[in-house]
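User: I have a model open and would like to talk through its overall build. Could we begin once it is on screen?
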Amino acid sequence: WTAPALSVSGGHSEASEAVRLDDGSLWRTKGGPSAALSLELLVYDFGRYAAKARAQAEQVVAAEQALADEGFAVFLSVAESYFDFFERRALLEVAQTNAQQYAEHLARAEERHQAGEANRLDVLRARLDLAQAEQAVVAASNRVETTGATLLQALGVDVSRGTWQTAFGTEPVGIASVRRGFAATGEDVGAAFAFARTNAPALRVARAKLRAASHTVDAAVADLFPSVSATASLSWTDPLWVFRWGVTASQSLFQGFRKTTAVDRAVVALESAAADVDAAEQDLSVSLETAVANRDNAREAVASARAAVRSAAENLETVRAQFAVGSASRVDLSEAVASDSQARGDCITAFYDGQRAEAALFARTGRVPRFREEVVREAP
């Protein structure tokens, strides 16, 4: 009852009378108008049209879920680019602070050399440390430019509309603060996977395609059966009216195995779709396990890095005081400066690793992101 066919037709025809060509008779024609109205209604088709309609509906669902999956991909790209950018900016300031400390170290070494309290080797080593620190600043600055351009690309902003300097400013972000985007979560990988199996857009796309393939098999099987239809028509040929109706059942006997081949192909497509669902589940399991592990590792790394920052800062102050009175060597001071910079950089990187892992968990599970944007500062 979902495939009625209603048609109307009309025309005018002329026909000549029968004449002999050798008796000199004139050609004469006579005719008249005609019209017809017909209706064909499918009574029963063994479910082939319903199965095709369900398959098309599942294809629409798959397309909608693919759009949602693309939205989460955009979210993850923007979030990762955002945290990469501010991590690189903070690491640039760490490198600049490191270079400044080495510059102060060089100035003190030159003063002590002029006063006869240090040898030439101390000055040369301090200059080498400063040169290496300045090279690190240049490399960190290049990474800031690269991640800034990547962030603008993720946001859909081209260079004609501005750069990251115009979008985010050039004010220092500070090496004692970080930008939080998401609150810490505690869900384990088992609970996350159980939820994501039915909610992740990628899996919902795969399952919708599996259901569509199943309905396609049903339609191919139903196409092997006959179809029953009812017809009714009303025709008029001046001056006669004719009404006809009837019931028709049709069954194709042989079409070169096209219908049976269509069933086989639909079954193969169904098996392929089922394999795609299994593969999607495996990919989801790996990505969730990786994201949860990165989140937990980053949380532990932040805790240990914060302790390392405090120890490195205390050690640097102690070595500076000892170096000022001559009880510490320039090697001790150089190592203390490097340890302080390394500890601060490790703490910043570990924090943003955790934020990237939180963003990945939202994208993989298909949850709407819950933002908690704030600047987290180091306790004095």
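Analyst: The conversation below concerns a predicted model, and it moves from the fold to the surface and then to one helix.

User: Which secondary structure elements does the chain have?
Analyst: The chain has seven helices and six strands. In sequence order, the pattern is β-β-α-α-α-β-α-α-β-β-α-α-β.

User: And is the chain compact or spread out?
Analyst: The chain is more spread out than a compact globule, because its radius of gyration is 39 Å, well over the 21 Å that the globule rule gives for 380 residues. The C-alpha trace spans about 145 × 55 × 35 Å along its principal axes.

User: What share of the residues is buried?
Analyst: Of the 380 residues, 33% count as buried.

User: What about contacts along the sequence?
Analyst: Among contacts with a separation of 6 or more, 78% come from residues 24 or more positions apart.

User: Turning to the surface, how much of the accessible area belongs to carbon and sulfur atoms?
Analyst: Carbon and sulfur atoms account for 56% of an accessible surface of about 22500 Å².

User: How many charged side chains are there, by sign?
Analyst: There are 39 positive and 49 negative side chains. The centres of the two sets lie 3 Å apart.

User: Now helix α2: what span should it have, and what does the model give?
Analyst: Helix α2 covers residues 120-155, and its 36 residues should span 52 Å at 1.5 Å a residue. The end C-alpha atoms are 53 Å apart, which agrees with that expectation.

User: What comes just after α2?
Analyst: G156 follows α2, with a positive phi of about 80°.

Key
Residues are numbered from 1 along each chain as its sequence is written. This is a predicted model: local features need pLDDT of at least 70, side-chain atom pairs count only at pLDDT 80 or more; totals for chains, interfaces and linings use all residues. Side-chain values use heavy atoms; hydrogens and water are left out. Helices (H or I, at least four residues) and strands (E, at least two) are DSSP runs, numbered from the N terminus. The radius of gyration is taken over C-alpha atoms; the globule rule is 2.2 Å times the number of residues to the power 0.38. Buried means under 20% relative accessible area, exposed over 50%, partly exposed in between (1.4 Å probe, protein chains only). Contact means heavy atoms within 4.5 Å. Accessible areas come from the Shrake-Rupley method with a 1.4 Å probe; for residues, only the protein chains shown count as cover. Lys and Arg count as positive and Asp and Glu as negative; His and the chain ends are not counted. The place of a charge is taken as NZ of Lys, CZ of Arg, CG of Asp or CD of Glu. The expected span of a helix is 1.5 Å times one less than its number of residues.
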